[in-house]
Amino acid sequence: MTARPELVLASASPRRVELLALVGITPDRIEPADIDETPLKGETPPRLAARLAVGKVGVVAARAPDAVVLAADTVVAVGRRLLEKAADEVEAERFLRLLSGRNHRVLTGVAVAAGGKVRHRVVDTRVTFKVLSDAEVAAYVASGEWRGKAGGYGIQGRAGAFVTRIVGSYPAVMGLPLPETVNLLAGAGWRAP
């Protein structure tokens, strides 16, 4: 019986580690990939999510060629407008006001590299926010939960109270689509012990 290859998670996100644990997966190592996440001119949200996930997995796979490497990236979009990670409280408030009472898309790209081959998927989830009051926006911004999150919110925290409808994958909105991740890992020959 051959030894199972090392699984490296190319992300510093504690949410992704938690989500993997839900399906019985514990990465052997966590090695974040630092890449330029600036969208390219004319790049659509799904293409950006795919490019970032594939880019991150490629950087780490080059350093760990014998491992199975997993990476993901999440993009929030209102139409073709991208809402990246809010830079400060002013931008977080602007994002929340834009999302208030509207539908938006959360696109999560996930990629797996193994044996010189990269497999990837993009999961598209539709999320609807209720109309937010000034007090709700102010309280959420003051909470600081928006920091480091695409679109300026995390569905697994206080912002979960803003969601009136979700069509698609809740774990993908948190940062990692679970069925697609498990299938990509299996396709790369890696299975949880």
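**Close-up views of a predicted model**

**View 1. Val-23 sits in the loop between helix H1 (14-22) and strand E2 (29-30).** Welcome to a tour of a predicted model, starting at this loop residue. Val-23 has a relative accessibility of 35%, so it counts as partly exposed. Together with Leu-22 and Val-182, Val-23 makes a nonpolar surface patch of about 250 Å². If you have the structure open, these three side chains, Leu-22, Val-23 and Val-182, are the ones to display here.

**View 2. Phe-129 and Phe-162 meet as an edge-to-face aromatic pair.** The model has three aromatic pairs. In the one shown here, the ring centres of Phe-129 and Phe-162 lie 5.8 Å apart, with 70° between the planes. Phe-129 belongs to strand E6 (residues 117-129), while Phe-162 is in the loop between helix H4 (134-143) and strand E7 (163-167), so this pair ties together parts that are 33 residues apart in sequence. With a relative accessibility of 2%, Phe-129 counts as buried. Phe-162, at 6%, counts as buried too.

**View 3. Phe-162 also pairs with Tyr-140.** Here the ring centres of Tyr-140 and Phe-162 are 5.6 Å apart and the planes stand at 70°, so this pair is edge-to-face. Tyr-140 comes from helix H4 and Phe-162 from the loop between H4 and E7; the two are 22 residues apart, and their pair links distant parts of the chain. Both Tyr-140 and Phe-162 are buried. Widen the view a little and Tyr-153 joins in: ring pairs link Phe-129, Tyr-140, Tyr-153 and Phe-162 into a cluster.

**View 4. Thr-125 is a buried residue of strand E6.** We stay with the strand that holds Phe-129, now looking at Thr-125. The relative accessibility of Thr-125 is 0%, and a residue counts as buried under 20%, so Thr-125 falls in the buried class. Which residues does Thr-125 contact, leaving aside its neighbours within four places in sequence? They are His-104, Arg-105, Val-106, Ile-166, Val-167, Gly-168, Ser-169, Ala-172 and Val-173. Arg-105, one of these contacts, is 20 residues from Thr-125 along the chain, yet their C-alpha atoms are separated by 5.6 Å.

**View 5. The side chain of Thr-125 and the backbone of Ser-169.** This last view picks out one partner from the contacts of Thr-125, namely Ser-169. A polar atom of the Thr-125 side chain lies 3.1 Å from the backbone nitrogen of Ser-169.

Notes. Residues numbered from 1 in each chain as written. Predicted model: local features only at pLDDT ≥ 70, side-chain atom pairs only at ≥ 80, totals over all residues. Heavy atoms only, no water. Patch = residues over 30% accessible without salt bridge, like charges linked within 9 Å, V, L, I, M, F, W, Y side chains within 5 Å. Areas by Shrake-Rupley, 256 points an atom, 1.4 Å probe, with all protein chains shown as cover. Salt bridge = Lys/Arg side-chain N within 4 Å of Asp/Glu carboxyl O. Helix = DSSP H or I, 4+ residues; strand = E, 2+ residues; numbered from the N terminus. Buried < 20%, exposed > 50% of the residue type's maximum accessible area, 1.4 Å probe, protein only. Phe/Tyr/Trp six-rings, centres within 6.5 Å; stacked < 30°, edge-to-face > 60°. Contact = heavy atoms within 4.5 Å. Polar contact = N/O pair within 3.5 Å; in protein donor to acceptor, adjacent residues only side chain to side chain.
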